Amino acid sequence: MIYLDNNATTAVDKKVYEEMLPYLYDEYANPSSMYDFAKKPASAIREARVKVRDFFGAKDEKEIFFTSCGSESANMAIKGVLNCNKEKHHIITTKVEHPCVLNTYKWFEKQGYKVDYIGVNAHGELDVEELKEKLDKDTALVSVMWANNETGVVHPVEEIAEYVKSNSPDTRVFVDGVQAAGKIPMNVKDTLIDMVGISGHKFHAPKGIGALYVKPDVRLTPLINGGHQERGMRAGTENVPYIAGMGKAAELALDNMTYELTEVKRLRDKLESGILKNVFNARLNTSISGRVPNTTNIGFEYVEGELILLHLSDIGVCASSGSACTSGSLEPSHVLRAMGIPFTALHGSIRFSLSRYTKESDIDYVIEKMPIIMDKLTKISPFQTELAELKKRKGF
Ligand code: PLP
């Protein structure tokens, strides 16, 4: 099996798994209890918080709150700050956010908020000028994802935060960092971003654990009320094994950052150029630069994405068309639509996303098989005239 769907989820690192094991069985004490038996789980949480602080590049571990996933982190940030600022009723976000962010804003629209959705260009790059124009005194929150899950395009969130803070200091800035985490350095302490959400299962921790970074001066209401856990900001007995696991995953991700930025990128670039060179109906849906190192999104003109995925699956290759949450439906991805990807490639766009476990032989295999699959699929496409023209134009 060749797994090239790491933006959907990643394999749990063996070291992460081993870190978690004691807390799943032997060390089961409630970390809030007073007796000695609770000391080990309590200290596992403390250590994980320090590791996640370093992963974010934050100043203090008090700025880190553990959550259950990226979606919860986003909801906690968005609902938390808007609840604390009832005077302002304007939100700025982008058309290409993940559904956990977009649908939260749809909900706020129903509560009477005005939400501006900023567009992207044909390469998936945000129209920062449009965002700047929309910012006004009534803007409570600006919310821009760090990296897009479907295209890997990195948005200039540091620059956006600086602009927001110098023009409207009490507007809050939330960044969905789920697809940036473990792929590019974050260093939040050097930025003016107020809150960043991450999700463990995108960087080799298990599913069901996330975190939210919150700058100390940001006031939030909790999403889950109850006990004192997470300094009263997220009630519920802590998920000790998963927290310990995400701490380890964060440490490993930092250790592997250089590898990610060089070797994973080299393999991604090899896969991309190999496909673009050998497959006449392939087009890159983004520009070459300005992306996280592991992701490529390639449009195969005049063929159906679902068919490509089935053929890839038949030869043991896992990839994706659109995000995992929208795949399974035949609706083209909202991200590719916002980019204005031509109709001819919209339905046949495939995301390949690598990880530090991707091998050179995986990439060679996909490069070898892709022209064979596409040969079959283009033969059954109803667009024979267009395909023949395309083949001629591209000199195949
Ligand atoms: N944000 C982005 C950009 C994502 O890609 C995802 C998951 O695919 C999420 C948020 C949601 O994360 P989770 O599945 O942990 O809720």
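How many nonpolar, polar and charged residues does the lining of the second largest cavity have, by class? I opened my notebook with that one, and I kept in mind that this is a predicted model.

**Entry: the cavities**

I sorted the lining of the second largest cavity by class and found four nonpolar, six polar and four charged residues. Then I stepped back to see how many cavities there are. The count comes to two cavities of 30 Å³ or more. For the second largest cavity I noted a volume of about 90 Å³. Its lining is made up of 14 residues, and those closest to the centre are Gly182, Lys183, Lys202, His204 and Glu260.

**Entry: the ligand**

Next I went to the ligand and asked myself which residues come nearest to it. There are 13 residues around the ligand, and the nearest are Ser71, Asp176, Gln179, Ser199 and Lys202. I was pleased to meet Lys202 again, since I had just written it down for the centre of the second largest cavity.

I looked at three of these residues one by one. The side chain of Ser71 has an N or O atom 2.6 Å from an oxygen atom of the ligand. For Asp176, a side-chain N or O atom sits 2.6 Å from a nitrogen atom of the ligand. With Gln179, I read 2.8 Å between a side-chain N or O atom and an oxygen atom of the ligand. As for cover, the ligand on its own has 390 Å² of accessible area, and the protein covers 89% of that. By class, I listed four nonpolar, seven polar and two charged residues in the shell around the ligand.

**Entry: the salt bridges**

My last stop was charge pairing. Side chains of opposite charge can pair when their charged atoms come close. How many salt bridges does the structure hold? I wrote down 27.

I picked out two of them. Asp269 pairs with Arg268 in a salt bridge, with 2.8 Å between the closest N and O atoms. I checked how covered each partner is: Arg268 is buried, at a relative accessible area of 1%, while Asp269 is partly exposed, at 24%. My other pick was the salt bridge between Lys270 and Asp364, where the closest N and O atoms are 2.8 Å apart.

Definitions and conventions
Residues are numbered from 1 along each chain as its sequence is written. This is a predicted model: local features need pLDDT of at least 70, side-chain atom pairs count only at pLDDT 80 or more; totals for chains, interfaces and linings use all residues. Side-chain values use heavy atoms; hydrogens and water are left out. A residue is near a molecule or strand if one of its heavy atoms lies within 4 Å of it. A polar contact is a pair of N or O atoms within 3.5 Å; within protein, one must be able to donate a hydrogen and the other to accept it, and residues adjacent in sequence count only if both atoms are side-chain atoms. Accessible areas come from the Shrake-Rupley method with a 1.4 Å probe; for residues, only the protein chains shown count as cover. Ala, Val, Leu, Ile, Met, Phe, Trp, Tyr, Cys and Pro count as nonpolar, Asp, Glu, Lys and Arg as charged, and the others, Gly among them, as polar. On a 1 Å grid over the protein atoms alone, a cavity is a set of points where a 1.4 Å probe fits but cannot get out, and a pocket is an open set with protein on both sides within 12 Å along at least five of seven lines; lining residues have an atom within 4 Å of a point. Grid points are joined across faces, edges and corners, and a volume is the space filled by probe spheres set on the points. A salt bridge is a side-chain nitrogen of Lys or Arg within 4 Å of a carboxyl oxygen of Asp or Glu. Buried means under 20% relative accessible area, exposed over 50%, partly exposed in between (1.4 Å probe, protein chains only).
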